[in-house]
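Here are some short exercises to work through with the structure open beside you. Try each task on your own, then follow the solution step by step.

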Amino acid sequence: MTNFNSLYSKTHRKRFKKTLSILNQHVAKDLSILDIGPENPLSFLMKEEGFTVTNTPSGIDLDYPEQWGDVLTPKYDVITAFEVLEHMVNPFTLLHNTKASLLVASVPLNVWFSPAYWNNTSDYDKHYHEFEARQFDFLLRKAGWEVVYSEKWKFFHNKIGIRPVLRRFFPSYYFVVAKRKYG
């Protein structure tokens with residue numbers, strides 16, 4: 001296994017391990033996975049865990065369906081999107097039009113004490129959405145998905161300040177596994 005202990009913060013390592021645990025519970029290893037977004041440390045760990053994973057090509061803008069390539073083809077059984085959908089102006093189009101029968105996704109939760117993440121130097125590194133769990137569930141339902149498992153996660157850094165203390169009590173991420181109802 002990749003020695004990610006030395007490469008990533010304790011928070012990232014905990015999120016990766018928790019994500020892999022949920023994938024192992026809900027996704028069979030013989031299913032093909034399209035991981036939305038370019039290759040990343042988590043997609044490498046998914047492959048090492050025995051999953052068949054393909055990533056969307058880097059450099060495409062997911063807000064433009066004409067750039068999606070294989071996203072709409074039925075050759076993928078599962079779509080994963082880990083901290084990706086919040087960067088899209090309209091995630092409904094992608095969620096509604098994909099042909100996969102299973103979705104595994106996580107999104108950051110909107111919390112009252114922290115503004116949405118916004119990088120002024122990159123259009124791809126902004127959170128256009130930070131969801132409440134009920135908003136994300138509604139989006140999924142409207143896009144043709146039924147949530148079969150969900151969990152809120154609290155992850156925090158050991159930093160000093162009001163926000164780091166509040167992160168110990170308020171969940172930061174919402175994780176779902178959903179099955180296709182229609183679409």
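**Exercise 1.** This is a predicted model. Which residues does Ile36 touch, not counting residues up to four places away in sequence?

*Solution.* Start at Ile36 and look for atoms within 4.5 Å. Leaving out residues up to four places away in sequence, Ile36 touches Thr56, Leu62, Val71, Ile79, Thr80, Ala81, Val84 and Leu94.

**Exercise 2.** Find the largest nonpolar core and say which elements give two or more residues to it.

*Solution.* Step one: the largest nonpolar core has 28 residues, and Ile36, Leu85, Leu95, Leu103 and Phe136 have the most contacts inside it. Step two: two or more residues each come from strand E3 (78-82), helix H3 (91-97), strand E4 (102-108), helix H4 (133-142) and strand E6 (173-180). Step three: H4 gives the largest share of this core, 4 residues. Step four: apart from this core lies another, of 20 residues, including Phe16 and Tyr173.

**Exercise 3.** What is the order of the strands in the open sheet, and why do E2 and E5 each have one side without a neighbour?

*Solution.* First, read across the 6 strands: E2-E1-E3-E4-E6-E5, with mixed pairing. Next, check the edges: strand E2 (52-55) and strand E5 (145-153) stand there with a single partner strand each, so one side of each has no neighbour in the sheet. Finally, follow the twist, which averages 20 degrees from one strand to the next.

**Exercise 4.** In which sense do E4 and E6 pair, and which strands does H4 lie across?

*Solution.* E4 and E6 pair in the antiparallel sense over 7 bridges. For a landmark, find Ala105, which stands opposite Val176 in E6. Then turn to H4: this helix lies across E4, E5 and E6, running at about 20 degrees to E6.

Methods: Residues are numbered from 1 along each chain as its sequence is written. This is a predicted model: local features need pLDDT of at least 70, side-chain atom pairs count only at pLDDT 80 or more; totals for chains, interfaces and linings use all residues. Side-chain values use heavy atoms; hydrogens and water are left out. A nonpolar core is a set of buried Ala, Val, Leu, Ile, Met, Phe, Trp, Tyr and Cys residues joined through side-chain atoms within 4.5 Å. Buried means under 20% relative accessible area, exposed over 50%, partly exposed in between (1.4 Å probe, protein chains only). Two strands pair if DSSP finds at least two bridges between them. Axes are lines fitted to C-alpha atoms, for helices over the stretch in contact, and angles run from 0 to 180 degrees between N-to-C directions.
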